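Work through the exercises below with the sequence and the 3D view side by side, and try each task before reading its solution.

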Amino acid sequence: MQSLTLTNEQLQKMIAHVDSLAPLEACGLLAGKNSTVESVIEVTNQAQSPVRYVMNPIEQLHAFEWIESNALDLLAIFHSHPTGPETISPTDIAEAAYDVVYVVLARVDGQWLARGFWIEDGSYYEVTLHIL
Ligand SMILES: [Zn+2]
């Protein structure tokens with residue numbers, strides 16, 4: 001996937017979620033169709049850690065079922081880096097398990113920045129985020 005399209009409202013919903021849980025990392029899913037996001041789904045980070053995230057498996061399963069029952073696709077997994085880095089981390093690359101965009105929300109100088117990445121075979125490239 002080369003780009004992901006989302007609304008500013010969806011971006012602000014993700015930022016509000018990760019900001020409310022900082023300095024712990026927060027995470028969630030983006031569902032939609034044809035690389036256009038239609039829904040932001042918040043998922044609990046059961047690692048409760050400032051440096052890693054593990055999605056609560058029950059919430060994740062329910063989210064997957066909701067996505068399927070609404071005839072949407074899982075487009076992206078987002079998580080925060082409250083103290084950086086702005087880019088995907090070696091741990092993120094090692095643990096990437098899905099063919100989806102990985103969105104990182106990093107807090108830099110008090111501002112949240114969102115970037116998208118596609119991870120494949122241990123390497124990655126940047127995916128453009130189109131904010132409407
Ligand atoms: Zn990360």
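The exercises that follow concern a predicted model, and each task is followed by a worked solution.

**Exercise 1. Find which strands pair with strand β2, and decide whether β2 is enclosed or not.**

Step 1. Begin with β2, residues 27-33, and look for its partner β3, residues 36-43; these two strands run in the antiparallel sense and share 7 bridges. One place to check this pairing is A31, whose bridge partner in β3 is S39.

Step 2. Turn next to β4, residues 73-81, which also pairs with β2 in the antiparallel sense, here over 6 bridges. In this pairing G28 has F78 of β4 as its bridge partner.

Step 3. Now consider burial, for which the cut-off is 20 or more other C-beta atoms within 10 Å. Because 6 of the 7 residues of β2 are buried, the strand is largely enclosed by the rest of the structure.

**Exercise 2. Locate the residues N34 and Q48, describe their phi angles, and decide whether each is buried or exposed.**

Step 1. As background, most residues other than glycine have a negative phi.

Step 2. N34 is not a glycine, yet its phi is positive, at about 50°. The residue lies in the loop between β2 and β3, and the hairpin formed by these strands has 2 residues between them.

Step 3. Q48, in the loop between β3 and α2, is likewise a residue other than glycine with a positive phi, near 45°.

Step 4. A residue is exposed if 12 or fewer other C-beta atoms lie within 10 Å of its own. N34 has 7 such neighbours and therefore counts as exposed; Q48 has 12, so Q48 counts as exposed too.

**Exercise 3. Identify the residues joined by the cis peptide bonds at P23 and P85, and place each proline in the chain.**

Step 1. Follow the chain to the loop between α1 (8-21) and β2, where P23 is placed; a cis peptide bond joins A22 to P23, with omega about 15°.

Step 2. Continue to the loop between β4 and α3 (90-95), in which P85 is found. The peptide bond from G84 to P85 is cis, and its omega is near 0°.

**Exercise 4. Compare the span of helix α2 with its expected value, then inspect the residue A71.**

Step 1. Helix α2 covers residues 57-69, which makes 13 residues, and reaches 18 Å from its first C-alpha to its last. This is close to the 18 Å expected at 1.5 Å a residue.

Step 2. Just after α2 comes A71, which takes a positive phi of about 55°.

Conventions. Residues are numbered from 1 along each chain as its sequence is written. This is a predicted model: local features need pLDDT of at least 70, side-chain atom pairs count only at pLDDT 80 or more; totals for chains, interfaces and linings use all residues. Helices (H or I, at least four residues) and strands (E, at least two) are DSSP runs, numbered from the N terminus. The expected span of a helix is 1.5 Å times one less than its number of residues. Two strands pair if DSSP finds at least two bridges between them.
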